[in-house]
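Subject: Structure for you to look at, with notes on charged pairs and cysteines

Dear colleague,

I am passing on the structure we spoke of, and I would be glad if you could read the notes beneath it with the model open beside you.

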Amino acid sequence: MKIVSAEKLNRLKQLSTEEGFISALAIDQRGSLKKMIAQAGETDDIQKAVETFKEAISEELTPYASSILLDPEYGLPASKVKAPTSGLLLAYEETGYDASEPGRLPDLLPIWSARRIKEEGADAVKFLLYYDADEGVEINDQKQAFVERIGSECKAEDIPYFLEILTYDKDIEDAKSKEYAKVKPRKVIEAMKEFSKDRYDVDVLKVEVPVNMNFVEGYTEEEPVYTLEEAKGYFKAQDEATTLPYIYLSAGVSSKLFRDTLVFAKESGAAFNGVLCGRATWKDSVAVFANDGEEAARKWLSTQGVANIEELNKTLNETATSWENKISSK
């Protein structure tokens with residue numbers, strides 16, 4: 001069991017439901033969201049458009065979520081209009097990565113720190129890391145040191161540290177391909193094992209599910225990569241890879257497939273502790289916002305968006321487990 005300070009524990013509770021799991025809304029997208037809005041419709045001021053869209057999501061949906069994940073670059077106005085019952089996570093990383101350099105090396109927002117994130121009213125720091133367990137030591141050593149530094153910062157500031165891990169293979173370009181699906185379980189599980197070590201001071205892991213559900217027997221119309229039993233085995237192995245609380249990211253899949261995945265995880269014996277769900281909840285409102293304006297988007301969010309969250313919450317109540325048996329206070 002991980003031992004944390006009373007302040008960290010209280011902040012984790014602020015981010016969670018009364019039942020002790022995390023039902024968080026993710027809207028820390030920056031570059032990808034700008035592209036989505038621009039592609040869906042013309043806009044003269046993309047900075048203002050992204051800020052306004054995030055405000056709408058925060059105001060309409062946080063009454064139904066235990067917390068919201070935002071970014072300091074576009075999300076601070078949205079952090080001011082969230083429901084008072086909702087906790088706040090702020091992202092610390094630069095969006096994306098430099099594709100001209102090997103290794104998808106991380107970087108931090110230059111005028112931010114764990115202290116400044118805490119001063120902004122956040123209950124946790126979130127950092128996203130692209131990680132290939134099979135990449136060379138010269139790359140992964142840098143990433144591991146990076147994660148350690150942020151862990152030390154968060155420990156000094158007494159604020160929870162959420163590490164989001166997105167896996168990849170340096171030799172496979174398409175992470176949604178059948179080729180990558182074959183190696184994904186190992187990538188996800190090995191990354192979780194590494195960053196569960198005490199030296200990183202991570203409090204909660206935000207992770208992918210260990211398989212591509214679009215290639216699981218019974219979930220695909222083409223030849224599957226995994227049988228049902230193999231897929232269940234990978235979920236169980238993922239659960240056994242860490243003693244830390246871990247939550248699933250939705251990775252842009254449909255709301256229904258994400259809910260089906262949570263049920264599958266539970267049936268497989270995975271004691272996951274919640275979700276940080278983004279596009280699966282609000283993706284379809286982007287085109288409404290870009291084409292028909294803020295009022296129309298708010299109408300969509302207050303109806304279909306709320307329905308998406310309530311359906312997800314219902315599934316979580318039936319599948320997620322409390323993190324409180326994995327963390328305690330000094």
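To begin with R186, this arginine is partly exposed, its relative accessible area being 45%. Please keep in mind throughout that the model is a predicted one.

The partner of R186 is D134, and the two form a salt bridge in which the closest N and O atoms are 2.4 Å apart. D134 is likewise described as partly exposed, with a relative accessible area of 35%. In sequence the two residues are 52 residues apart, since D134 sits in the loop between β5 and α6 while R186 belongs to helix α7 (residues 178–195), and the pair thus links distant parts of the chain.

Salt bridges that share partners also join D28, R30, E73, E93, K126, E164 and K206 into one network. Within that network, the side chains of E164 and K126 meet in a salt bridge with an N to O distance of 3.0 Å. Because E164 lies in strand β6 (residues 161–167) and K126 in strand β5 (residues 124–131), this pair ties together parts that are 38 residues apart in sequence. Are these two residues buried or exposed? E164 is buried, with a relative accessible area of 6%, and K126 is buried as well, with a value of 0%.

A further salt bridge brings together the side chains of E157 and R115, at 3.1 Å from N to O. This pair, too, links distant parts of the chain, as E157 is in helix α6 (residues 137–157) and R115 in helix α5 (residues 114–119), 42 residues apart. E157 has a relative accessible area of 16% and is therefore counted as buried, the cut-off being under 20%.

The pairs described above are among the salt bridges of the model, of which a search of the whole structure finds 29. As general background, side chains of opposite charge can pair when their charged atoms come close.

Turning to the cysteines, how many disulfides are there? The count comes to 0 disulfides, the rule being that a pair of cysteine sulfur atoms must lie within 2.5 Å. As for individual cysteines, C154 is buried, with a relative accessible area of 0%, and C277 also counts as buried, at 1% relative accessibility.

With best wishes

Technical notes
Residues are numbered from 1 along each chain as its sequence is written. This is a predicted model: local features need pLDDT of at least 70, side-chain atom pairs count only at pLDDT 80 or more; totals for chains, interfaces and linings use all residues. Side-chain values use heavy atoms; hydrogens and water are left out. Buried means under 20% relative accessible area, exposed over 50%, partly exposed in between (1.4 Å probe, protein chains only). A salt bridge is a side-chain nitrogen of Lys or Arg within 4 Å of a carboxyl oxygen of Asp or Glu. Helices (H or I, at least four residues) and strands (E, at least two) are DSSP runs, numbered from the N terminus.
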